[in-house]
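Here are my notes on the model you shared, set out as numbered points. I hope they are handy to have beside you as you look through the chain.

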Amino acid sequence: MKIVRRVGVSPRERGSTTGQTCPDIFELSNGDFAVIGREATAEIDPELPSDAARADYERIVVITRETLVRAKQDIPDV
């Protein structure tokens, strides 16, 4: 599995010049997406709706709203 492209703009283009906050989204060669974000499993897991589940090997990560909004134009419709 390889990174094919960044989805959205780079953290630097979103104003992160220190490298301290760099959420990012990447499209992978198999069509999946990889997300860099703040790990928040313990905080958000109890808040999941009853019809949502998380496997033991999965983690909940948080990205900024700006990261996703600025990636919207690059996310494929299908």
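1. A definition to begin with: two strands are taken as paired if DSSP finds at least two bridges between them. With that in hand, look at R5, which stands opposite E27 in β2. The strands β1 and β2 run antiparallel and are joined by three bridges. Please keep in mind throughout that this is a predicted model.

2. Now for the overall layout. The chain's secondary structure comes to two helices and five strands. Read from the N terminus, the elements follow the order β-β-β-β-α-β-α. The C-alpha trace spans about 35 × 30 × 20 Å along its principal axes.

3. How are the three strands of the open sheet ordered? The order is β1-β2-β3, with antiparallel pairing. β1 (3-6) and β3 (33-36) stand at the edges with a single partner strand each, so one side of each has no neighbour in the sheet. From one strand to the next, the twist averages 30 degrees.

4. Turning to the other pairing of β2, four bridges join β2 to β3, and these two strands run antiparallel. Within this pairing, F26 stands opposite A34 in β3, while D24 has I36 as its bridge partner in β3. The hairpin of β2 and β3 has four residues between the strands, and G31 takes a positive phi near 95 degrees there. You may like to have a look at G31 in the viewer.

5. Why is β2 described as largely enclosed by the rest of the structure? A residue counts as buried when its relative accessible area is under 20%. Five of the five residues of β2 are buried, so the strand is largely enclosed by the rest of the structure. Both of its faces are covered: D24, F26 and L28 are buried on one side, and I25 and E27 are buried on the other. For the chain, 23% of the 78 residues count as buried.

6. A residue to view together with β2 is T64, which sits in the loop between β5 (61-62) and α2 (65-71). Is T64 buried or partly exposed? T64 has a relative accessible area of 36% and is partly exposed. T64 and D24 are 40 residues apart in sequence, and their C-alpha atoms are 9.2 Å apart in space. D24 itself is one of the buried residues of β2.

7. D56 gives another pair to look at. D56 lies in the loop between α1 (41-44) and β5. With a relative accessible area of 72%, D56 is exposed. D56 and T18 are 38 residues apart along the chain, and 33 Å separates their C-alpha atoms.

8. Next, the contacts across the chain. Of those between residues at least 6 apart in sequence, 45% join residues at least 24 apart.

9. Last, the surface and the charges. The chain exposes about 6000 Å², and carbon and sulfur atoms supply 51% of that area. How many positive and negative side chains does the chain have? There are 11 positive and 14 negative side chains, and the centres of the two sets lie 7 Å apart.

Methods: Residues numbered from 1 in each chain as written. Predicted model: local features only at pLDDT ≥ 70, side-chain atom pairs only at ≥ 80, totals over all residues. Heavy atoms only, no water. Axes fitted to C-alpha atoms, helices over the stretch in contact; angles between N-to-C directions. Buried < 20%, exposed > 50% of the residue type's maximum accessible area, 1.4 Å probe, protein only. Contact = heavy atoms within 4.5 Å. Areas by Shrake-Rupley, 256 points an atom, 1.4 Å probe, with all protein chains shown as cover. Lys, Arg positive; Asp, Glu negative; His and termini not counted. Charge placed at Lys NZ, Arg CZ, Asp CG, Glu CD.
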